[in-house]
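Colleague: Before I plan anything around this protein, could you show me the model and explain how each label you attach to it is reached?

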Amino acid sequence: MAGDARLHALGHGVGRGRRGGVEGEGQKEQEAKLHRSPHCARFLRGFAGSVFGQNDHTSGRAGGSCRSCRRPNGTDAQNAHPCIPAEPVDKKYELLARELEASISEGTFRPGERLPSVRELVASRGVSPSTVFEAYALLESRGVVEARPRAGYFARQRSAAAPQPAISKPATSPRPVAIHDLVMEVLGSVRDHDVIPLGSAFPNPALFPLERLARGMGAGMRRLEPARMLRDLTPGNDELRRQLALRYVAHGTLASADEIVLTSGAMEALNLCLQAVTKPGDAVAIESPAFYGCLQALERLGLKAVEIATHPRDGVQLDSLAAALQRQAIKACWFMPNLQNPTGASMPADNRKALVELLARHRVPLIEDDVYAELYFGVRRPLPAKSFDREGWVMHCSSFSKSLAPGYRVGWVAAGRFVREVERLKLMGTISVAVPSQVAVLEFLLRGAFDRHLRQLRATLAAQQALAVRAITKHFPAGTRVTTPDGGYFLWVELPREVDAFALHGLALSHGISLAPGPLFSGGGRFTHHVRVNYGHPTAAQLESGLRTVGKMAGLTRRTERPAPAAARASS
């Protein structure tokens with residue numbers, strides 16, 4: 001659905017299911033975020049009216065117009081309406097946080113010094129205590145300050161900027177992928193509970209409100225009408241999809257509940273999207289390095305990988321992608337524009353917009369893997385590529401596994417123009433997400449506790465990242481480079497060229513430490529002196545001791561010959 005017609009479909013799609021709206025604090029938070037969205041404020045109030053029972057925007061009928069700017073509907077809403085602000089207006093706590101952070105950066109407050117108390121800031125700035133608490137919570141989530149019980153807030157020691165790994169330079173021709181055996185060989189090591197899980201793909205389960213989720217599941221299932229056991233089959237629970245659509249709009253992305261299909265985790269969503277737009281033998285553009293789950297999916301479906309040069313900070317290089325689109329028939333792109341795995345790279349907003357426009361011109365679907373979206377450390381959540389999509393070519397995939405409910409397997413895709421094909425494939429496969437899992441997540445969202453939980457989670461991960469970067473800078477060999485992402489829980493570490501990542505992995509494992517060696521993230525066996533480090537699963541004590549040990553071992557390893565993956569041998 002294109003342009004303004006797609007916008008007005010939101011009012012109908014999101015309103016499906018129960019009309020009673022969100023309960024308690026959840027409703028207040030959602031309404032507040034709706035009014036901060038970078039889309040037309042009047043339109044969003046009208047959209048909120050379809051959910052909360054008030055409406056001051058015209059419908060999508062031909063000849064309608066925006067009541068705020070009087071511009072006629074039927075055109076691209078973001079470009080056509082002068083009432084749309086270019087950026088959301090900063091809230092008071094965001095402005096206060098920015099001022100405090102500037103004072104710390106400029107040296108007014110030195111590392112370890114106590115910051116003004118809540119009472120002092122209330123008196124000097126004329127703001128409410130809640131504004132000050134929100135500002136300090138934001139700075140905590142960014143690793144700028146730390147809270148000490150009964151003592152107040154203190155400036156945190158910031159890590160010195162670490163050198164960034166080099167930009168990748170992959171081969172340009174499509175190649176088959178054979179990575180699964182290697183992935184299984186390496187990842188089998190992280191299941192041992194006694195191993196320090198620097199190689200894990202998951203955050204620490206202790207960081208999540210599992211008891212509250214379980215209580216919500218029990219309460220929700222006791223109230224569940226028996227008929228809902230069938231009604232909540234594909235595309236999924238109406239109310240949960242409506243809540244997801246509300247979160248999309250609250251963060252500045254227009255997506256209808258009608259285009260959302262619930263899936264068994266994000267991996268199923270991503271695989272369904274891939275199946276919907278490709279057939280065996282097709283070429284798919286991926287990042288370099290790439291998430292090994294993406295490589296496994298290509299291998300399973302008999303697809304060829306076209307690796308695109310990827311910057312460790314700014315993500316996919318658009319000139320490299322444009323050249324690949326000219327050279328060969330690429331049927332789809334699987335990218336992570338936000339907090340990419342393994343590098344943590346995030347494409348600048350202008351690049352995301354240019355990416356969507358480039359692929360729309362070539363009529364190539366974008367499968368957007370955005371599972372780490374809620375784990376940002378900045379002031380506000382970065383816009384996904386989906387937010388710039390006007391023609392339905394972007395399939396936005398995410399889940400609650402990394403942010404709320406690991407093991408519950410609740411994911412989704414906002415599939416745009418491909419929604420019916422994705423829905424059909426879901427019904428032909430796993431049929432439905434488990435109803436109790438859907439109920440548990442929905443209950444948590446309706447209680448309005450999700451965003452509070454996320455603030456605590458981000459603060460913990462930011463502190464862990466700072467600790468990990470300090471340890472790597474201190475203990476790893478000279479010449480080591482490491483990313484410092486704006487969120488998530490991975491670091492991409494480039495070691496000196498003489499260090500063998502596989503040898504380091506084996507040596508670390510013999511000392512009870514797992515790593516994810518670089519070749520896991522390439523269909524051609526590249527990145528042989530890189531490792532991915534998970535700073536979100538180990539405890540702080542494990543992280544410090546584990547990285548200190550790995551750093552010492554890195555100086556003891558030297559490159560050895562190891563058979564290349566089958567795909568690399570076949571292409572040589």
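**How the labels are reached**

Modeller: L339 lies in the loop between β9 and α15, and since this is a predicted model, everything I say about this residue and the others is computed from predicted coordinates.

Colleague: What makes the backbone at L339 worth a remark, and is L339 buried or exposed?

Modeller: L339 is not a glycine, yet its phi is positive, at about 55 degrees. Most residues other than glycine have a negative phi. As for cover, the relative accessibility of L339 is 4%, and because buried means under 20%, L339 counts as buried.

Colleague: How do you know that R363 belongs in another class of accessibility, namely exposed?

Modeller: R363, placed in the loop between α15 and β10, also has a positive phi of about 55 degrees without being a glycine. Its relative accessibility, however, is 53%, and the cut-off for exposed is over 50%, so R363 counts as exposed.

Colleague: Which peptide bonds do you call cis, and where do their prolines lie?

Modeller: One is the bond from N341 to P342, with omega near 20 degrees, and P342 lies in the loop between β9 and α15. Another is the bond from T234 to P235, with omega near 10 degrees, where P235 is found in the loop between α10 (228-231) and α11 (238-250). Most peptide bonds are trans.

Colleague: Why is the pair of Y372 and Y489 called edge-to-face?

Modeller: The structure holds eleven aromatic pairs, among them Y372 and Y489, whose ring centres are 5.6 Å apart and whose planes make an angle of 80 degrees. Centres must lie within 6.5 Å for a pair, and planes over 60 degrees apart count as edge-to-face, so both values meet the terms. Y372 lies in the loop between β10 (366-369) and β11 (394-399), while Y489 lies in the loop between β13 (481-482) and β14 (490-494), so the pair ties together parts that are 117 residues apart in sequence. Y372 is buried at 4% relative accessibility, and Y489 is buried at 0%.

Colleague: What makes the pair of F400 and W412 tilted?

Modeller: The ring centres of F400 and W412 are 5.1 Å apart and their planes stand at 50 degrees; stacked requires under 30 degrees and edge-to-face over 60, so this pair is tilted. F400 lies in the loop between β11 and β12 (411-414), and W412 lies in strand β12, twelve residues away. F400 and W412 are both buried.

Colleague: How do you know that a charge sits over the ring of Y376, and which residue supplies it?

Modeller: The charged end of R458 is 4.1 Å from the centre of the Y376 ring, and the distance limit is within 6 Å, with a further limit on direction of within 35 degrees of the ring normal. R148 likewise lies over the face of F154, at 3.9 Å from the ring centre.

Colleague: What makes you speak of a buried side of helix α14?

Modeller: The buried residues of α14 (residues 318-327) are L321, A324 and L325. They cover an arc of only 100 degrees around the axis, which puts them on the same side of the helix. The face turned away from that side carries the exposed residues D319 and Q326, and the cover over the buried residues includes β6 (283-288), β7 (304-311), β8 (315-316), β9 (330-335) and α15 (349-362).

Colleague: Why is A322 called partly exposed?

Modeller: A322 is in helix α14, and its relative accessible area is 27%; because this value is not under 20% and not over 50%, the class in between applies.

Colleague: What makes β13 and β16 edge strands?

Modeller: Four strands form an open antiparallel sheet in the order β13-β14-β17-β16. β13 and β16 (516-517) each have a single partner strand, so one side of each is left without a neighbour in the sheet. The partner of β16 is β17 (residues 530-534), paired in the antiparallel sense over two bridges, and at least two bridges are needed for strands to pair. P517 stands opposite V531 in β17.

Terms used:
Residues numbered from 1 in each chain as written. Predicted model: local features only at pLDDT ≥ 70, side-chain atom pairs only at ≥ 80, totals over all residues. Heavy atoms only, no water. Phe/Tyr/Trp six-rings, centres within 6.5 Å; stacked < 30°, edge-to-face > 60°. Buried < 20%, exposed > 50% of the residue type's maximum accessible area, 1.4 Å probe, protein only. Arc of directions from axis to C-beta. Contact = heavy atoms within 4.5 Å.
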